[in-house]
Each structure stands twice: as structure tokens, then as C-alpha cells.
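Please find below a short note on the structure, set out as numbered points. The aromatic contacts are taken up at the start, and the cores and pockets follow.

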Amino acid sequence: MKAQIIDFIHHLIIYDYFLFGGIFVLFLLFLVLAIALRRKMAIAVTFVILAFGVLTIGPAVGYVQLHRYLFKNQIILHKVKALEFTDALLIKGDVNNTSKRPFKECSIYAGVYKVSHYRYIDKLYPYMPFKKGSIKIIKDIPPGESAPFKLFVEPFRYNKDFNITIKAECR
């Protein structure tokens with residue numbers, strides 16, 4: 001856990017600091033408004049609740065949305081094949097940089113989930129993959145370019161129908 005927190009802090013960019021600073025200023029602004037309107041109790045309590053809501057939810061939602069906007073990417077799959085003589089699933093594809101910023105590294109995550117013939121269970125399965133795999137590509141990818149990847153999910157011994165979910169987080 002400590003390594004993940006240190007890795008998160010080392011990969012913050014200037015826009016993240018602006019986002020967190022803006023959220024803190026908005027928090028203080030709502031508290032000042034609540035203090036200024038203390039005579040009207042319902043409005044003051046609403047501003048206090050809004051201030052703490054912004055302070056707790058704002059950084060997480062803002063960080064995800066900011067990075068989704070700044071580091072847009074697209075995954076193109078070329079091959080997904082369960083290997084015969086090895087208990088592994090091979091996933092080949094490309095990660096395209098569709099943003100305006102160059103990528104230095106990309107982490108690609110894949111999850112394999114079952115397919116049933118029940119509508120409600122099929123909507124639930126993508127959130128619970130039974131096998132996961134990931135790979136990190138440390139390569140400069142300029143805007144508009146792509147980089148190939150090859151990912152193995154092992155051990156993989158599933159003989160029935162399956163689907164995969166794949167996503168990339170690039171920086």
C-alpha cells in the first residue's frame with residue numbers, strides 16, 4: 001500500500017495540483033458562505049454539507065475525469081486466443097494515443113469473465129472477472145501513434161464461452 005501511495009504522488013502532474021487546490025478553495029468558500037449565512041440555519045447547514053461533500057467526493061471524481069480527458073487512449077484488439085498446449089490466454093493489440101499529450105508509460109489491464117444466457121447475470125459478470133492480467137509498457141508514444149502489446153493471462157483453463165474487458169491507463 002505504501003508503494004502505491006508513493007507511486008501515485010510521484011506521477012501527479014501540475015493539473016492535479018491545480019485541481020486539488022481548486023477543490024480546497026471551493027471547500028473554504030462554502031464554509032465562509034455558511035458562516036456568513038449563519039442566521040439562516042437551513043442555508044448554512046446546506047453549505048456545510050456541500051462543503052464537506054466537495055472535499056470528500058471532489059478529488060476522486062475530478063482526478064478520474066481529468067485524467068480521462070488528458071490521457072485519452074484507444075485499445076485495438078488483434079487477437080484473443082486460448083492457447084492449446086499452455087494454460088494461458090493470449091491477447092494481442094495496440095494502444096493508440098488519441099490525446100494531445102505524449103505518453104511515457106501505459107498500464108494495460110485485462111479481465112476475463114464468464115458469459116451466461118441470463119440477461120441480469122450477464123450485466124453483473126463484467127464487474128467480477130475470474131481471471132485478470134496486466135502489463136506495463138514503458139515507451140514514448142507520441143500523439144496519434146500507437147504501440148503494440150502482447151498480454152498473457154495465466155493460468156487459464158476455462159473451456160466455455162467468455163468475454164474480456166480491457167482498459168489502459170496512460171501517463
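Which residues form one aromatic cluster with Phe130?

1. The model is a predicted one. The residues that join Phe130 in one aromatic cluster are Phe156, Tyr158 and Phe162. Across the whole structure, a search returns eight aromatic pairs.

2. Phe130 and Phe156 make a stacked pair, because their ring planes lie at 15 degrees, with the centres 6.3 Å apart. This pair brings together distant parts of the chain, 26 residues apart: Phe130 sits in the loop between helix H4 (119–124) and strand E4 (131–141), and Phe156 in the loop between strand E5 (146–153) and strand E6 (162–170). The partners differ in exposure: Phe130 is partly exposed at 31% relative accessibility, whereas Phe156 is buried at 4%.

3. Phe156 also pairs with Phe162, with ring centres 5.1 Å apart; the planes stand at 75 degrees, so this contact is edge-to-face. Phe162 is partly exposed, with a relative accessibility of 24%.

4. On confidence, the mean pLDDT of the protein is 93, and 100% of the residues score at least 70. The lowest mean, 86, belongs to H4, and the highest, 96, to helix H2 (residues 14–36).

5. The largest nonpolar core holds 22 residues, of which Ile91, Val95 and Phe149 touch the most other members. Two or more residues come from each of helix H3 (41–70), strand E2 (89–97), strand E3 (103–114), E4, E5 and E6. E3 contributes the most, with five residues. Another core, of seven residues, lies apart from this one and includes Ile23, Phe27, Phe30 and Ala51. In soluble globular proteins, nonpolar side chains tend to be buried together.

6. The largest pocket has a volume of about 540 Å³. Its lining comprises 14 residues, and the closest to the pocket centre are Tyr63, Val64, His67, Ala168 and Glu169. H3 and E6 are the elements that give two or more residues to this lining. By class, the lining of the largest pocket contains six nonpolar, three polar and five charged residues.

7. The second largest pocket encloses about 180 Å³ of space. Its lining consists of His11, Ile13, His67, Phe71, Arg101, Pro102, Lys104, Glu105 and Arg171. These divide into three nonpolar, two polar and four charged residues. His67 deserves mention here, as a residue that lines the largest pocket and also the second largest pocket.

How values were computed: Residues are numbered from 1 along each chain as its sequence is written. This is a predicted model: local features need pLDDT of at least 70, side-chain atom pairs count only at pLDDT 80 or more; totals for chains, interfaces and linings use all residues. Side-chain values use heavy atoms; hydrogens and water are left out. Rings of Phe, Tyr and Trp (its six-membered ring) pair if their centres lie within 6.5 Å; planes under 30 degrees apart count as stacked, over 60 as edge-to-face and the rest as tilted. Helices (H or I, at least four residues) and strands (E, at least two) are DSSP runs, numbered from the N terminus. Buried means under 20% relative accessible area, exposed over 50%, partly exposed in between (1.4 Å probe, protein chains only). pLDDT is the predictor's confidence in each residue, from 0 to 100. A nonpolar core is a set of buried Ala, Val, Leu, Ile, Met, Phe, Trp, Tyr and Cys residues joined through side-chain atoms within 4.5 Å. On a 1 Å grid over the protein atoms alone, a cavity is a set of points where a 1.4 Å probe fits but cannot get out, and a pocket is an open set with protein on both sides within 12 Å along at least five of seven lines; lining residues have an atom within 4 Å of a point. Grid points are joined across faces, edges and corners, and a volume is the space filled by probe spheres set on the points. Ala, Val, Leu, Ile, Met, Phe, Trp, Tyr, Cys and Pro count as nonpolar, Asp, Glu, Lys and Arg as charged, and the others, Gly among them, as polar.
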